[in-house]
Amino acid sequence: MGLMKINKRGYQLLSAYWFVILAIIAGAIISGALLFYSNVADVRGSEADILSGKIIDCVIKGGIVNQEFVDGNFDILQECKINFEEGLPEFADEEQYYIQLKILNFDTGVEIRKQEIGRIDFEQKCLDQELKGKIEKTFPQCKRKSVYSIDSQGSKYLIKVLTAVRKTEKNV
Amino acid sequence: MLKKGLFFKNKKADNILVENIIFLVLNVLFFAILIIFLARQGQGVVLNEEIFAKKIALIIDNAKPDSDIIIDFSKAVEIAQKKNFDISKIVTITDNIIKVQLSEKSGYSYSFFNSVEANAFLLDINNPNKLIIVVREKEANKENGFDENQ
């Protein structure tokens, strides 16, 4: 009789423990599923890539660099037809993009001009990720491109573009 | 004298059986809910709205003015039809924001950075598997004389 009572209490305790285990397993499976599907829908890397390509196509035409850009009279947003105004409420409070455009003398490596638009603090976040060799989901996603070009007089330049896209609320 | 139970005359045996049945039913219910949730995640309205909105945004970002791009839209149309949602209203573009809606109570918006006029509509309403995205230069850019070939 006493043995039956102890077994019944043990049995009830095990049942409660079983459901705790199930809840932990369910949590792990649901987290995995959500993590997988959120990864599928993170397009910031692609956006940064397209943005950097668009800028290079705009600054260099037929292999010749835009002279206004070399001279420093170049409005990137207007000339390259880029619109950084955010209509979405999630992004309204802060800038979501960053562009850095550098032109260097190809022979000496000396920087001739540097232009930056958007969130200047993104540059450091891009560097941090590159140094760690790891993409941080909560950081902006970055893309670097370098292109060789000449001007109309045949002077050689190296154009370096860095673009970064934040939009964390819609991608992470 | 043993009291009569639900299944057995032995009340204690009966209790054990009932407890086990309830335990098994709860387990089956739990796993069924989990499996249904996972299945819906993959086929869900919300996920497909997000995917299509972002896909269209990337297409517009990458497009040059005077481009017409046709994409396969059958999956979105299929979901919208199952949800009895008007397929002509699936995609709306306002300024630089795309909204994809596959049911009355949902919708996903995403923005693009290309400074163009963009529109999207079904290529053929009777065979609505293709979406055409029309990208044109903005009127303001035309007035200011901006030229792609400058």
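This report walks through a predicted model of two chains, A and B, from the overall layout down to a few single residues.

**Chain A at a glance**

Let's start with chain A, which has five helices and six strands. Reading from the N terminus, the elements run α-α-β-β-α-α-β-β-α-β-β. The chain has 172 residues, and buried ones make up 23% of them. Among contacts in chain A with a separation of 6 or more, 63% are between residues 24 or more positions apart.

**Where the chains meet**

Next, the place where the two chains touch. Here 24 residues of chain B are in contact with 23 residues of chain A. On the chain B side, the elements giving two or more residues are helix H1 (11-43), helix H2 (45-62) and strand E4 (108-111). H2(B) supplies the largest share of that side, with seven residues. Sorted by class, the side of chain B that touches chain A has 12 nonpolar, eight polar and four charged residues.

**Two helices side by side**

Helix H2 of chain A covers residues 44-59, 16 residues in total. From its first C-alpha to its last it reaches 23 Å, close to the 22 Å expected at 1.5 Å a residue. Plenty of H2(A) is buried, and the list includes Arg44(A), Glu47(A), Asp49(A), Ile50(A), Leu51(A) and Val59(A).

How do H2(A) and H2(B) sit relative to each other, roughly parallel or roughly antiparallel? They pack at an angle of about 10°, with their axes 10 Å apart. Angles under 35 degrees count as roughly parallel, so H2(A) and H2(B) are roughly parallel to each other. The residues that meet are Ser46(A), Glu47(A) and Ile50(A) from H2(A), and Leu58(B), Asp61(B) and Asn62(B) from H2(B). By class, this contact has two nonpolar, two polar and two charged residues. On the chain A side, Glu47(A) and Ile50(A) also appear among the buried residues of H2(A).

**The nonpolar core**

In soluble globular proteins, nonpolar side chains tend to be buried together. In this model, the largest nonpolar core has 50 residues, and the members touching the most others are Ala164(A), Ile56(B) and Ile60(B). H2(B) turns up again here, giving the largest share of the core with seven residues. Take Ile56(B): leaving aside its neighbours within four places in sequence, Ile56(B) is in contact with Val91(B), Ile98(B), Ala120(B) and Ile133(B).

**A few loop residues**

Most residues other than glycine have a negative phi. Two residues go the other way: Lys81(A) has a positive phi of about 55°, and phi of Asn84(B) is near 55°. Both are in loops, and the table puts their places and surroundings together with those of Ser115(B), another loop residue.

| Residue | Loop between | C-beta atoms within 10 Å | Burial |
|---|---|---|---|
| Lys81(A) | H4 (76-79) and E3 (97-105) of chain A | 19 | partly exposed |
| Asn84(B) | H3 (74-82) and E2 (91-94) of chain B | 8 | exposed |
| Ser115(B) | E4 and E5 (116-122) of chain B | 20 | buried |

Why does Ser115(B) count as buried? A residue is buried if 20 or more other C-beta atoms lie within 10 Å of its own, and Ser115(B) has 20. Lys81(A), with 19, is partly exposed.

What is the C-alpha separation of Ser115(B) and Pro65(B)? These two are 50 residues apart along the chain, and their C-alpha atoms are separated by 9.4 Å.

Note on methods: Residues numbered from 1 in each chain as written. Chains lettered and ligands numbered in written order. Predicted model: local features only at pLDDT ≥ 70, side-chain atom pairs only at ≥ 80, totals over all residues. Contact = placed C-beta atoms within 7 Å. Helix = DSSP H or I, 4+ residues; strand = E, 2+ residues; numbered from the N terminus. Nonpolar A, V, L, I, M, F, W, Y, C, P; charged D, E, K, R; others polar. Buried ≥ 20, exposed ≤ 12 C-beta atoms within 10 Å, placed from the backbone. Expected span 1.5 Å × (residues − 1). Axes fitted to C-alpha atoms, helices over the stretch in contact; angles between N-to-C directions. Parallel < 35°, antiparallel > 145°, perpendicular 65-115°, else oblique. Core = buried A, V, L, I, M, F, W, Y, C linked by C-beta atoms within 7 Å.
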